[in-house]
Amino acid sequence: MLRRAGLPVAALDHSDYRIPVDRLQALLADCAKSAASEEFGLLVGGAFKLSMIGPLGLLMREQINVRMAVDALRRYLRYQDDNVEILATLEVGGLLIAPELASVRARASRQMVELTLATYVQVFRGLLGARWRPAGAAFAHAAPADLAPYQALLGAVEFDAPQTGFRLSEADLATPLGEGDPRLTAEIVRMIVAGGAPSGDTVSETVSALIRRLLPEGECNIDRVAQHLGIDRRTVHRRLAAEGKSFTQLLETARREVASRQLRHGDLPLSEVATLVGFSSPSTFSRWFRQATGMQPSEYRRSQGG
């Protein structure tokens with residue numbers, strides 16, 4: 001089944017083997033069909049443990065409380081996995097955590113969506129205890145024939161919802177984790193950043209992943225990308241041109257995707273959204289966003305119900 005999905009069997013023995021997300025999606029779909037298991041992706045995600053995200057799991061454990069662990073996850077996940085972005089929306093009584101897949105094909109896959117949500121529920125179960133359940137969970141897709149596996153893992157769960165995600169209550173967020181050692185957390189952050197490596201089957205996918213990673217640092221340009229890839233800027237231009245792409249095009253696309261997603265689902269102030277897409281000030285970000293979409297960021301947020 002691995003071979004049918006285009007994955008090497010060696011991936012079973014190497015936990016750090018980077019698997020293209022679309023091939024993982026194909027493998028999950030094949031497994032679910034062969035096992036006649038509609039909830040296959042959910043069950044795979046339910047086997048996940050906090051320790052499986054390596055240094056990032058350690059960093060989350062070293063935070064003072066769960067709320068700070070959410071912030072650490074959102075900030076540093078991109079260094080370990082550029083296939084998922086964690087969106088967080090304040091709600092009455094808590095926080096909605098919505099893990100969003102970057103791949104359009106993966107977002108359309110029930111198995112991948114359920115795997116991803118279950119994985120991050122397990123991440124927080126690793127912090128809050130084995131008996132913890134989310135304050136609520138929801139999927140945007142239709143209900144399965146058998147609700148029991150979903151209720152066993154997630155507790156109360158809704159289908160055909162406006163958005164896929166799960167809720168952390170205020171009590172969950174305030175749960176203390178430890179005293180937080182600044183030296184240790186700084187060392188873990190250095191380890192995460194140094195170990196981050198972009199994935200992608202094509203040059204444009206690899207460059208796009210790097211752009212998304214570099215945007216919040218405020219220095220996302222072709223020279224920085226070329227430096228990360230170990231080649232010169234002309235080579236980057238040439239390889240992108242061979243795929244019918246340009247760096248400027250990929251940069252604009254990444255900025256629009258990140259900005260739209262944050263304004264649509266997040267509750268961050270515009271100053272923080274501006275930083276996430278690589279702008280030094282909200283006014284510069286607002287001018288760019290208006291040119292790109294014909295709307296001010298605040299108008300767009302209201303139009304999307306944010």
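Here are legends for four close-up views of this predicted model.

**View 1. Helix α1 meets helix α6.**
Let's start with a pair of helices that cross. Helix α1 covers residues 21-35, and its axis comes within 8 Å of the axis of α6. The two cross at roughly 105°. Angles of 65 to 115 degrees count as roughly perpendicular, so that is the label for α1 and α6. Who does the touching? On the α1 side, look for V21, L24, Q25, L28 and A32. Their partners in α6 are Q111, M112 and L115. Sort the residues of this contact by class and you get 6 nonpolar and 2 polar, with no charged ones.

**View 2. Helix α10 packs against helix α12.**
Here's another helix pair. Helix α10 (residues 203-214) and helix α12 (residues 233-242) have their axes 9 Å apart. The angle at which they pack is about 125°. Roughly perpendicular stops at 115 degrees and roughly antiparallel starts over 145, so α10 is oblique to α12. From α10, the residues making the contact are V203, S204 and V207. From α12, they are V236, R239 and L240. The contact of α10 with α12 splits into 4 nonpolar residues, 1 polar and 1 charged.

**View 3. The second largest pocket and its lining.**
Now for some empty space. Rolling a probe the size of a water molecule over the atoms is a way to show where such space is left. The second largest pocket has a volume of about 260 Å³. Its lining is made by 16 residues, and those closest to the pocket's centre are P99, E100, R107, V113 and T164. Two elements, β2 (94-101) and α6 (110-128), each give two or more residues to this lining. Which element gives the most to the lining of the second largest pocket? That would be β2, with 4 residues. As for the mix, the lining of this pocket has 7 nonpolar, 6 polar and 3 charged residues. You've already met α6 in View 1, where Q111, M112 and L115 of α6 meet α1.

**View 4. Zooming in on R78.**
To finish, here's a single residue. You'll find R78 in helix α4, which spans residues 66-80. What does the side chain of R78 reach at 2.6 Å? It's the backbone oxygen of R75. Now set aside the neighbours of R78 within four places in sequence, and R78 is in contact with R212, R213 and P216. Helix α10 from View 2 runs over residues 203-214, so trace that helix to find R212 and R213 beside R78.

How values were computed. Residues numbered from 1 in each chain as written. Predicted model: local features only at pLDDT ≥ 70, side-chain atom pairs only at ≥ 80, totals over all residues. Heavy atoms only, no water. Polar contact = N/O pair within 3.5 Å; in protein donor to acceptor, adjacent residues only side chain to side chain. Contact = heavy atoms within 4.5 Å. 1 Å grid on protein atoms, 1.4 Å probe; cavity = no way out; pocket = protein on both sides within 12 Å on 5 of 7 lines; lining within 4 Å. Points joined across faces, edges and corners; volume = space filled by probe spheres on them. Nonpolar A, V, L, I, M, F, W, Y, C, P; charged D, E, K, R; others polar. Axes fitted to C-alpha atoms, helices over the stretch in contact; angles between N-to-C directions. Parallel < 35°, antiparallel > 145°, perpendicular 65-115°, else oblique.
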